[in-house]
Amino acid sequence: MQKFVVFLLFLLITLEVVAQKGKLEGRVLDPANNEPVPFANIIVSGTTIGAITDIDGNFKFTGLEPGYISLEVSSIGYQRIKTKPLLVTNAKTAYIEIALEPVAEQLEEVTVKASRFRQNVESPLSMRSIGVAEIEKNPGGNRDISKVIQSFPGVASTPAFRNDVIVRGGGANENSFYLDGVEIPNLNHFATQGASGGPVGIINVDFVREVDFYSGAFPANRGGAVSSILDFRQIDGNKEKMKYRATVGASDLALTVDGPLTDNASLIFSVRRSYLQFLFSVLELPFLPTYNDAQFKSRIRLDEKNEIILIGLGALDQFELNLDANETPSQRYILNYLPVNEQWNYTFGTVYKHYRDRGYNTLVLSRNHLNNSAFKYRDNDESSGDLILDLNSDEIETKIRYEDNIRYEDYKLVYGAGMEYSEYYNSTYSQVFLNGQVIDLDYSSKLDFINYSAFGQLSRGFFGKRLNLSVGLRMDGNTFDSDMSNPLRQFSPRFSGSYGLNEKWFVNFNTGRFYQKPSYTTLGYRDSDGVLVNKNNGLKYFYADHYVAGLEYRPNEESRITVEGFYKNYGDYPFSVADGVAISGKSADFGVFGDEEVTSTGEGRAYGLEFLVRHNDLWGFNLISSLTLVRSEFKGLDGKYDPSAWDNKILYNITATRKVAKNWDVGLKWRYVGGAPYTPYDLQTSSLVQAWDRRGQPYLDYNQFNTQRLSAFHQLDVRVDRQFYFDKWSLMLYLDIQNLYNFKAEEQDNYINEDADGNVVVENPTAAPEDQRYVLTRIPNDGTGTVLPTIGIMIEF
């Protein structure tokens, strides 16, 4: 690896480039009706290069310097904007559509400077818009959006090899994701069923134009979350001719194809396959993961007023044990408890849009399916027949959603309704140790029910849009049981306001109640008699009341400073009957989340203060600096608040990237995460032979729930990018080094059922089977983390 890094640096420095120029085409439109905006002024930011749109709103640039560029766009009667950076290369003609929001303004007011920081009236705070350049070049991000958002306030990260989305003290099960308006259930490979986490992102960044990240102030047409929403907008296929991009990434190989299908239709398609299994085998790790995915988007313009978007996303994830990697106690510990696992999933969606003079209609049809299977034999010996886990589960959703978006003068109205047919199948055999005895949990579960929703949001600007107000309502329900069937019980109001004190200072506010349906694993959990125990326990939607207020300062068009205070109050949260805690803290682990008996009695709160500084050109640096002070707590059986697994107290991130020379970029990211709480082990229970053989790892002592705390974690990531633009093809290279100074993050010690010599020993073999105990040996955790260099190669032609 060291030799390869040296060779790559030599290549970066010495390779000569034949200077080539790039082309950019686009269209400027009114988003309310898809009508073109003719005679709009467009300037390549930071240059004197400009153009004017024609009568159809089209424009074209030639002779551009390849690289990331932003456009400043203005027209009389519309708000000036500055686009997120987009990549222009010589290999293909880049294309962009730019939406200009109408605004009542006089001719002399057109000189107002454009800003790339977008704010919408429904979510005037707690919403960050992230461009593809920030995703591509994020140090340590490896082109993975789940890692990129860790640079923003309120988002926690862990030193573990996972992509859990932890926002404002909420769990990894409290988020939802949309792709061009289509809801997708999974954001990661090897996803935790019932939550959202996993080690590697499933979305190929080659498709991404922009991402809106909501940590609050959710619009009414986006449901199913109480902590965050990620709303992805994808690029369209190339209009000129078929183009190709081959990528060697941090953990996979990828090929992306995009181009025209007909004069009015385009396609972008990609496939990826990981090579982690080969790397992990060489490193003698005890598990061998392999993931594969495919993704496509096609946009068909029927005419100026009608279009159809087709999207697809699918993955196959396979997880095997490397039984030869068993020489150390740590290796054997992992082999003891990890099951063999396989997942596959897909989402297909169709979005139809019809534009009118003062608005547009949207109809979304989609279907998604997750299959998750796992098995585990004692001592990983399949020939013994001693099966302790056998799981096969399917989650299937077929959805339809209608939205009507109306613009009339200063009013904006969005309303609509949705319906979803849910199917859940689960066949589970599991040996569990509960209440001092071994229980064979053996059940099959089949559910099917209808979900329904209705929503509306009215927004208006006053006093020349100095004051913006928005009020929204949403109701959700389903036919699972009577507690959930009445949508008035899930009545979800929300209100946002923003007031401009002057052209630089703004006061923003949002409050609302947001509901989320429990996971299918919780809804479909049965006991060995086949009883839906959680249904009998009166399972409900859980909710979070949000209260957010903030102050925003815009010193100039390139910078933004915000301060936000937030308070979230949780209610009706699933509460574990066996462990006596709210189940949120269990959502960041591999396997299945929520498959246990619960009651809807959990209560919690998360509150804090966030500071954000974003500057697009601070001495040439693109800077993101965020500080979050946060507490996250849930009530226990005694009615007192205990810290949750996400109670990090303090989060700090600084990300800085800079163009240092022609076609060279450098960047760094440093993050500090306060120590997370953890629960000590119950070694008395864990040492019991019958208990240990059911799990292969220690049991937590929930009487001491989260009474201990790890040390703080911090890490420095750096990245160097180099681009080469040749005749008709481009080469893009990067070197990314995570954890540059090799920080070792503290983790809880583990235990294994061996003595100091590595032998499995029962300390009282003559005792009754239920009283026999293993000798347990502590495996000191000297800290996790290592310097991790990554090479990336992208060829576009």
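A residue is called buried here when its relative accessible area is under 20%, exposed when that figure is over 50%, and partly exposed in between. With that in hand, take a look at this predicted model. Of the 797 residues in the protein chain, 55% are buried.

Now for the overall build. The protein chain has 10 helices and 45 strands. Its radius of gyration is 27 Å, which agrees with the value near 28 Å that a compact globule of 797 residues would have. If you lay a box along the principal axes, the C-alpha atoms of the protein chain fill roughly 95 × 65 × 45 Å. The contacts tell you how the chain comes together: among those between residues at least 6 apart in sequence, 67% join residues at least 24 apart.

On to the outside. The protein chain has an accessible surface of about 32,500 Å², and carbon and sulfur atoms account for 56% of that. As for charge, there are 79 positive and 101 negative charges in the protein chain, and their mean positions lie 7 Å apart.

Next, the aromatic rings. A pair of such rings is described by how far apart the centres are and by the angle of the planes. This structure holds 31 aromatic pairs. One of them joins Phe59 and Phe61, with 5.9 Å from centre to centre and 65° between the planes, an edge-to-face arrangement. Phe59 and Phe61 are both buried. Compare that with Tyr702 and Phe705: their ring centres are 6.1 Å apart and their planes meet at 25°, so this pair counts as stacked, because planes under 30 degrees apart fall in that class. The two partners of the stacked pair sit on either side of the burial cut-off of 20%. Phe705 is buried because its relative accessible area is 18%, while Tyr702, with 23%, is partly exposed. Rings can also join up in a bigger group: Phe190, Phe280, Phe287 and Phe319 are linked into a cluster by ring pairs.

Finally, zoom in on a single residue. Where does Thr362 sit? You'll find Thr362 in strand 25, which covers residues 359-377. Thr362 counts as buried because its relative accessibility is 7%. And what is Thr362 in contact with, leaving aside its neighbours within four places in sequence? The list starts with Val351, Tyr352 and Lys353 and goes on to Arg401, Tyr402 and Glu403.

Definitions and conventions: Residues numbered from 1 in each chain as written. Predicted model: local features only at pLDDT ≥ 70, side-chain atom pairs only at ≥ 80, totals over all residues. Heavy atoms only, no water. Helix = DSSP H or I, 4+ residues; strand = E, 2+ residues; numbered from the N terminus. Rg over C-alpha atoms; globule rule 2.2 N^0.38 Å. Buried < 20%, exposed > 50% of the residue type's maximum accessible area, 1.4 Å probe, protein only. Contact = heavy atoms within 4.5 Å. Areas by Shrake-Rupley, 256 points an atom, 1.4 Å probe, with all protein chains shown as cover. Lys, Arg positive; Asp, Glu negative; His and termini not counted. Charge placed at Lys NZ, Arg CZ, Asp CG, Glu CD. Phe/Tyr/Trp six-rings, centres within 6.5 Å; stacked < 30°, edge-to-face > 60°.
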